[in-house]
Amino acid sequence: MAKAGNSDGGTRRRPTGAGRAAVGAAKRASGAGDVGGAGTPSPELTAKLEPRKGPTKVPLNTRVLASTEARLNWLVNDRQSTVTNVVDVALQEFFDRYRVPPADHDGRITEQES
């Protein structure tokens, strides 16, 4: 399969489903269409970039089946959710089903007496 060249002599690739979402998110985050000085973020963008208060989040790196990824992407796009929220809810339900004890705000599990 041949790659199409662009005017700069480089190659151009068609974005995948995740790529399109990332491009749209980048445009929204960059304040596309906002009026402001060159290199000066708008107040709306600055507010979005402020650290959010709430539970601490940690990275989770895993691999899933292609069919699972397709279903996850559909849910994220159709319900306008985030992968983080979907995965968190799914894992919480899974843990509850198997009676995994809850963790405190520092991420420590305290064994509960039965």
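In what follows, a residue is called buried under 20% relative accessible area, exposed over 50%, and partly exposed in between, with a 1.4 Å probe and protein chains only. With that convention, Gln 80 is exposed, at a relative accessible area of 72%. I shall return to that residue after introducing the model.

This is a predicted model, in which local features need pLDDT of at least 70 and side-chain atom pairs count only at pLDDT 80 or more, while totals for chains, interfaces and linings use all residues. Residues are numbered from 1 along each chain as its sequence is written, and side-chain values use heavy atoms, with hydrogens and water left out.

Let me begin with the overall architecture. The protein chain contains four helices and two strands, arranged along the sequence as β-β-α-α-α-α. Here helices (H or I, at least four residues) and strands (E, at least two) are DSSP runs, numbered from the N terminus. Of the 114 residues in the chain, 4% are buried. The chain exposes about 10900 Å², and carbon and sulfur atoms supply 54% of that area; accessible areas come from the Shrake-Rupley method with a 1.4 Å probe, and for residues only the protein chains shown count as cover.

I turn now to helix 3 and helix 4. The expected span of a helix is 1.5 Å times one less than its number of residues. For helix 3, with 14 residues, that gives 20 Å, and its end C-alpha atoms are indeed 20 Å apart. Helix 4 has 15 residues and reaches 21 Å from its first C-alpha to its last, close to the 21 Å expected.

What backbone feature appears just after helix 3? Gln 80 takes a positive phi there, of about 50°, although Gln 80 is not a glycine. As general background, most residues other than glycine have a negative phi. Gln 80 lies in the loop between helix 3 and helix 4. Helix 4, in turn, is followed by Arg 99, with a positive phi near 55°. Arg 99 is not a glycine either, and lies in the segment after helix 4. Arg 99 is exposed, with a relative accessible area of 76%.

The next topic is the largest pocket. A pocket is an open set of points on a 1 Å grid over the protein atoms alone, with protein on both sides within 12 Å along at least five of seven lines; a 1.4 Å probe is used, and lining residues have an atom within 4 Å of a point. About 1300 Å³ of space lies in the largest pocket, where the volume is the space filled by probe spheres set on the grid points, joined across faces, edges and corners. The lining comprises 31 residues, and the closest to the centre are Leu 60, Val 87, Asp 88, Leu 91 and Gln 92. Helix 3 (66-79) and helix 4 (83-97) are the elements that give two or more residues to this lining. Helix 4 supplies the largest share, eleven residues. By class, the lining has 17 nonpolar, nine polar and five charged residues. In this classification, Ala, Val, Leu, Ile, Met, Phe, Trp, Tyr, Cys and Pro are nonpolar, Asp, Glu, Lys and Arg are charged, and the others, Gly among them, are polar.

Finally, the aromatic residues. Rings of Phe, Tyr and Trp (its six-membered ring) pair if their centres lie within 6.5 Å; planes under 30 degrees apart count as stacked, over 60 as edge-to-face and the rest as tilted. How many aromatic pairs does this rule give? The count is two. Phe 94 and Phe 95 form an edge-to-face pair, 6.3 Å centre to centre with 65° between the planes. Phe 94 and Tyr 98 form a tilted pair, at 4.9 Å and 50°. Ring pairs thus link Phe 94, Phe 95 and Tyr 98 into a cluster. Within this cluster, Phe 94 is partly exposed at 41%, Phe 95 is partly exposed at 32%, and Tyr 98 is exposed at 54%.
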